[in-house]
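Q: Could you take me through this model before I set up any calculations? I would like to go from the overall fold to individual residues.

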Amino acid sequence: MTELNQNAEIKQWPALWALCLGFFMILVDSTIVAVANPAIMEDLNSDINSVVWVTSAYLLAYAVPLLITGRLGDRFGPKNLYLSGLTLFTAASLWCGLSGNIEMLIVARVFQGFGAAMMTPQTMAVITRIFPPDKRGTAMGLWGAVAGVATLVGPLAGGVLVDGLGWQWIFIVNVPVGVIAFLAAVRFVPALPTNRHRFDIPGVVLSATGMFLLVFGLQEGNTFNWSARIWLLIGAGIVLLAIFIWYQSWNKNEPLLPLGLFKDRNFSLANIAITSMGFSITAMVVPLMFYAQAVRGLSPTGSALLMVPMAVLTGVLAPNVGKLVDRVHPRYIAAPGFLMLSISLGWLALVMKPGVAIWELLLPIALMGVANAFIWSPLAATATRNLPMNAAGAGSGVYNTTRQVGAVLGSAGIGALITSRLTANGVPAGGGPESGGTMPSFIVDGFSTSMAQAVLLPAGVLLIGFVASLCFSRPVRGGDQPPAAVEQERVQA
């Protein structure tokens, strides 16, 4: 509370909006590539598996450093790290737009991901530290709404830019936005007190290596016919991640992943739920955009317009849902949202046929928009509600890491499933440049069926989030915080 008293004069809402601008930009880049995939494949003479790496490389580089960048923000100041990450992200965006081959684009996306990883934990940590508990739910609701809208706006913005200016501009447009976000952060985001931290280098190595091996094995499995080598990579990744968890429980100094945070029931459940959400939102866009462009022959803009009902309804409903977060039990908001989103994806899979009327696709997509509004805000607020101030950086780092880990696995999993279903349905799985535009009539049914079947994967994963959110307990409200001793125990590994 001392920090809150010292920062009583901080302009909280301008600071929040300044952070949300940069946060919006980096999350848009998580999904904006999906609508540009066919254009990138054609222009850079690539295939489906390689172009999926354009998204996976970004998400992997984004997810792996999040735990340590949360600590770096505590050590060097969240404002300083946010501005450094924003600078790197903006420069890498320009590099992406200037890339002349798929390999260079993938490398540039890695650096973009590193910049995003530096920024994201700082947004959540600053909100936790400058807003009092009775307003933090509303602030986190807005932050969560921005996350939800950004992941939906990505394909829409991508479609307009690809059609109007070329796929390169989905990255180049970040440059002016990044400059504005930088100036806004310099002006409005406060410089907060820092804390000294020890950095868990073995934890970084174990988590990064394990995650890379797991994602690489999943995504490249079909390319190598799921050989013994692929299963060895996947197994090694799982073993390294298990060793990482064990090491974190053994490390009594300052572990990268403070397992003590998970003593808070809602924090643990919110992390499970947001992992399933990150997985599903990333995974569902890829087959939908391939279906719209390759099967229906829609332009990138036309295919992106399919997402308008979802984006509009999420944007309209999310602020109102955010206001409920401080007053209503989170299970009554998040659980219906997860169930609706799972049902809407199952519904979409049923109607994704070559000759279906467009309005039949728009109905389940609209339901997705309603569902999204009920998920992002309560999860973000519930995850951090009971955490002590000195765990703000670590808690936000863990929460954002689990969301991004879900997104990484979603990207890898959907890529593997798409290629395997294409093979099973008699469609050439290479998905070369000819996949852009309208599909030849003799393979259109198999391709459409493959994309519809792929959508069922995120629909099933969302049920994990539904069960987790059903188990939320009522959060601690303002004035009822647990004693400091209990708070301190919660963050000890």
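**Helices, core and selected residues**

Q: Let us start with helix α3, residues 48-63. What end-to-end span should its 16 residues give, and what does the model show?
A: This is a predicted model. At 1.5 Å a residue, the 16 residues of α3 should span 22 Å, and the end C-alpha atoms are indeed 22 Å apart, so expectation and model agree.

Q: Where is α3 kinked, and by how much?
A: The kink is centred on Val 54 and amounts to about 30°.

Q: Is α3 mostly covered or mostly open?
A: It is mostly covered, with 15 of the 16 residues of α3 buried.

Q: Stepping back, how many helices and strands are in the protein chain?
A: The protein chain has 20 helices and zero strands. Of its 493 residues, 60% are buried.

Q: And what share of the contacts between residues at least 6 apart in sequence joins residues at least 24 apart?
A: That share is 86% in the protein chain.

Q: Now the interior. How many residues are in the largest nonpolar core, and which have the most contacts inside it?
A: The largest nonpolar core contains 136 residues, and those with the most contacts inside it are Ile 40, Tyr 62, Leu 105, Met 277, Leu 379 and Tyr 399. Helix α12, residues 265-295, gives the most to this core, contributing 19 residues. Apart from it lies another core, of five residues, including Ala 318, Val 321, Ile 333 and Ala 373.

Q: Which residues does Tyr 399 touch, leaving out those up to four places away in sequence?
A: Tyr 399 touches Met 124, Trp 143, Ala 270, Asn 271, Ile 274, Leu 379, Ala 380 and Ala 383.

Q: Different topic: helix packing. At what angle do α4 and α5 cross?
A: The axes of α4 (residues 66-76) and α5 (residues 78-98) cross at roughly 125° and come within 6 Å. The two helices are therefore oblique to each other. Thr 69, Leu 72, Gly 73 and Phe 76 of α4 make the contact with Pro 78, Asn 80 and Leu 81 of α5.

Q: How do α5 and α9 pack?
A: Helix α5 packs against α9 (residues 174-188) at an angle of about 170°, with the axes 9 Å apart. Angles over 145 degrees count as roughly antiparallel, so that is how α5 and α9 are described. The contact residues include Tyr 82, Leu 86 and Phe 89 of α5, and Gly 178, Ala 181 and Phe 182 of α9.

Q: On to single residues. Is Ala 139 buried or exposed?
A: Ala 139 is buried, because its relative accessible area is 0%. It lies in helix α7, residues 133-164.

Q: What does Ala 139 touch beyond four places away in sequence?
A: Its contacts there are Trp 13, Leu 16, Ile 127 and Phe 131. In addition, Ala 139 and Ala 381 are 242 residues apart in sequence, with a C-alpha to C-alpha separation of 8.2 Å.

Q: And Phe 212, where does that residue lie?
A: Phe 212 lies in helix α10, residues 201-220. It is partly exposed, because its relative accessible area is 40%. Its C-alpha atom is separated by 7.3 Å from that of Leu 60, 152 residues apart along the chain.

Q: Last one: what surrounds Ser 450, again beyond four places in sequence?
A: Ser 450 touches Arg 421, Leu 422 and Asn 425. Its place is in helix α19, residues 441-470, and Ser 450 is buried, with a relative accessible area of 0%.

How values were computed: Residues are numbered from 1 along each chain as its sequence is written. This is a predicted model: local features need pLDDT of at least 70, side-chain atom pairs count only at pLDDT 80 or more; totals for chains, interfaces and linings use all residues. Side-chain values use heavy atoms; hydrogens and water are left out. Helices (H or I, at least four residues) and strands (E, at least two) are DSSP runs, numbered from the N terminus. Buried means under 20% relative accessible area, exposed over 50%, partly exposed in between (1.4 Å probe, protein chains only). Contact means heavy atoms within 4.5 Å. The expected span of a helix is 1.5 Å times one less than its number of residues. The bend at a residue is the angle between axes fitted to the seven residues ending there and the seven starting there. A nonpolar core is a set of buried Ala, Val, Leu, Ile, Met, Phe, Trp, Tyr and Cys residues joined through side-chain atoms within 4.5 Å. Axes are lines fitted to C-alpha atoms, for helices over the stretch in contact, and angles run from 0 to 180 degrees between N-to-C directions. Angles under 35 degrees count as roughly parallel, over 145 as roughly antiparallel, 65 to 115 as roughly perpendicular and the rest as oblique.
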